[in-house]
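Biologist: I'd like you to take me through one part of this model closely, and then on to whatever surrounds it. Start with the charged pairs, please.

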Protein chains: 2
Amino acid sequence: MNEPTTRDPELTRARILQAAFDLFVEKGFAAVTMRELAEGSGVTKSLIHHHFGTKDGLWDAVKELAFARYYQDQKEDLEQADGADSDLLSKSVVRYFRFLAENPKVVRLFSWAHLEGDSSCSHMDAELVGLGAERVRQAQQAGQLRDDVNPTHVVTTFVNACTQWFATCEHHADWPGMGNNEQYLEDFLKIFMRGLQPD
Amino acid sequence: MNEPTTRDPELTRARILQAAFDLFVEKGFAAVTMRELAEGSGVTKSLIHHHFGTKDGLWDAVKELAFARYYQDQKEDLEQADGADSDLLSKSVVRYFRFLAENPKVVRLFSWAHLEGDSSCSHMDAELVGLGAERVRQAQQAGQLRDDVNPTHVVTTFVNACTQWFATCEHHADWPGMGNNEQYLEDFLKIFMRGLQPD
DNA sequence: CTGTTAACTGGTCGGCCGGTCAATTGACTG
DNA sequence: CAGTCAATTGACCGGCCGACCAGTTAACAG
């Protein structure tokens with residue numbers, strides 16, 4: 001557990017992963033070169049190949065790490081939520097919205113991976129949405145939410161509304177009439193929560 | 001107005017644009033090579049350079065064409081809508097949803113362009129959202145919609161919910177509990193429209 | 001029929017791409 | 001201390017990248 005000063009493969013891997021994350025998030029996989037990655041992480045091109053094999057290998061490692069963190073974070077939130085809370089849904093929306101607000105790079109990474117047809121994130125999302133839908137179903141049975149809508153669609157609706165907001169965030173930031181993050185969240189919640197009230 | 005058999009620069013341009021559109025939509029700008037573009041459109045690489053200058057030039061032309069069609073289509077719909085119709089909003093949602101369903105490639109093109117920081121689509125969307133927001137404002141003043149929410153946020157909410165649905169369409173198509181396009185649209189409209197009813 | 005223009009082609013260029021490899025260096029083992 | 005192994009380096013490779021250019025050919029105006 002000592003700390004070698006000159007050589008530290010784990011730290012090196014971490015530095016490469018961080019630089020690759022930033023570059024891939026910014027420009028997408030295809031537009032980034034191994035030379036940029038090397039320069040960005042302060043190591044040689046060969047060293048990246050030594051640790052990650054190919055450019056694709058590095059890309060996979062970057063995605064796997066980011067997605068694992070995302071998945072862990074979200075699952076934790078979903079499981080620690082109090083099932084008896086009548087305001088569970090709006091709190092979940094807020095929590096998800098805040099997560100995206102604090103992790104804009106993850107949003108972009110998802111977008112890139114998704115456009116390239118990556119399926120690994122799909123399985124994750126399927127499970128998370130499934131967990132959320134189960135909560136909605138419980139709330140419906142408890143009479144807290146209208147029960148004539150598909151619980152999965154309820155979750156998908158707010159996930160879509162939040163995700164796309166941050167995916168296009170920097171564009172519409174200065175549109176006339178468009179509010180900031182908090183104002184949008186507030187209005188969305190107004191609409192969404194009233195739309196889900198029981199008859 | 002005759003039809004030359006051997007040489008037709010406009011047809012050539014159109015063929016190149018179509019092939020480029022398909023390839024760029026599928027793989028993104030950076031991952032497509034001039035050679036692929038040439039093969040895909042059945043012409044020589046040099047001819048593409050002759051007509052569009054550089055690869056970037058072709059990319060710009062592809063985007064401009066697709067965006068212009070999108071813009072024209074949307075603006076037409078927005079303007080021909082009957083202002084006195086109390087069900088205007090839900091019809092607009094349905095119309096937009098159907099447009100995306102029928103033009104999945106445009107959705108992907110927007111996603112790519114957007115991730116790359118293209119700002120031209122931003123101005124378009126700003127104007128379209130502005131037009132829609134104006135309609136919402138009118139409906140609010142007529143007492144047809146609740147007036148304690150920002151009209152721009154109303155439009156953004158449904159645009160986000162629809163866009164992101166199709167952006168992730170092929171992924172969640174087979175998720176457990178997830179319905180098809182029509183079922184999602186129906187549930188979203190239930191939530192959205194009730195959420196917007198006046199007090 | 002002739003001259004001009006532009007569509008179109010094949011060949012080629014310098015440069016950068018991802019990837020490899022032999023050699024060096026540092027850390028740890030016994 | 002020698003010996004081992006992995007971390008790290010720099011030089012190098014074949015190939016493909018986007019772009020260019022000289023030459024050819026079809027359309028068209030006069």
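Where do Glu134(B) and Arg137(B) both lie, and how many residues apart are they?

Modeller: Bear in mind that this is a predicted model. Both residues sit in helix H7 of chain B, with their positions 3 residues apart, or about one turn of the helix. Their side chains make a salt bridge, and the closest N and O atoms are 2.6 Å apart. As a general point, side chains of opposite charge can pair when their charged atoms come close. Neither end is tucked away: Glu134(B) counts as partly exposed at 34% relative accessibility, and Arg137(B) is partly exposed too, at 32%.

Now widen the view a bit. Over all chains the rule gives 25 salt bridges. Take one that reaches further along chain B: Arg98(B) pairs with Glu182(B), closest N and O atoms 2.8 Å apart. That one links distant parts of the chain, with Arg98(B) in helix H5 (residues 88–102), Glu182(B) in helix H10, and 84 residues separating them. Arg98(B) is partly exposed, its relative accessible area being 34%, and Glu182(B) is partly exposed as well at 40%.

Then there are the pairs that leave the chain altogether. Asp199(B) forms a salt bridge with Arg194(A), again with 2.8 Å between the closest N and O atoms. This pair crosses between chains: Asp199(B) belongs to the segment after H10 of chain B, and Arg194(A) belongs to helix H10 (residues 181–195) of chain A. The two ends sit in quite unlike surroundings. Asp199(B) counts as exposed because its relative accessible area is 79%, and the cut-off is over 50%. Arg194(A) counts as buried because its 19% is under the 20% limit.

That takes us to the chain A–chain B interface. Here 51 residues of chain B are in contact with 50 residues of chain A. About 4,300 Å² is buried between them, and carbon and sulfur atoms give 61% of that. On the chain B side, the residues that lose the most area to chain A are Leu115(B), Ile191(B) and Arg194(B), together 18% of what that side buries.

How is charge handled there? The count between the two chains is 4 salt bridges. One of them joins Asp148(A) to Lys190(B), with the closest N and O atoms 4.0 Å apart. Those two residues are also part of a network of salt bridges that links Arg146(A), Asp148(A), Asp187(B) and Lys190(B). On top of that, 30 residue pairs are in polar contact across the interface. The elements that give two or more residues to chain B's side are helices H6 (104–115), H7 (120–141), H8 (151–167), H9 (169–172) and H10 (181–195), so H7, the helix you asked about, is among them by the rule for helices. H8(B) provides the largest share, 11 residues. Sorted by type, chain B's side has 20 nonpolar, 19 polar and 12 charged residues.

Finally, the DNA. Strand C has 21 residues around it, and Thr6(A), Arg7(A), Lys45(A), Thr44(B) and Ser46(B) come nearest. Sugar and phosphate make up 53% of the strand C atoms that come within 4 Å of the protein. For phosphate contacts, a polar side-chain atom of His51(B) lies 3.1 Å from a phosphate oxygen of strand C, and an N or O atom in the side chain of Thr12(B) is 3.2 Å from one. Val32(A) uses its backbone instead, with an N or O atom 3.4 Å from a phosphate oxygen of strand C. H3(B) gives the largest share of this surface, 4 residues. By type, the surface near strand C splits into 4 nonpolar, 11 polar and 6 charged residues.

For strand D, the residues that come nearest include Thr44(A), Ser46(A) and Arg7(B). Bases are contacted here: a polar side-chain atom of Lys45(B) lies 2.2 Å from a base nitrogen of strand D, and for Arg7(A) the corresponding distance is 3.1 Å. Arg35(B) also has a side-chain N or O atom 3.1 Å from a base nitrogen of that strand. On this strand the largest share of the nearby surface, 4 residues, comes from H3(A). The residues divide into 4 nonpolar, 10 polar and 6 charged.

Terms used:
Residues numbered from 1 in each chain as written. Chains lettered and ligands numbered in written order. Predicted model: local features only at pLDDT ≥ 70, side-chain atom pairs only at ≥ 80, totals over all residues. Heavy atoms only, no water. Contact = heavy atoms within 4.5 Å. Buried area = accessible area lost by both parts, 1.4 Å probe. Polar contact = N/O pair within 3.5 Å; in protein donor to acceptor, adjacent residues only side chain to side chain. Nonpolar A, V, L, I, M, F, W, Y, C, P; charged D, E, K, R; others polar. Near = heavy atom within 4 Å. Buried < 20%, exposed > 50% of the residue type's maximum accessible area, 1.4 Å probe, protein only.
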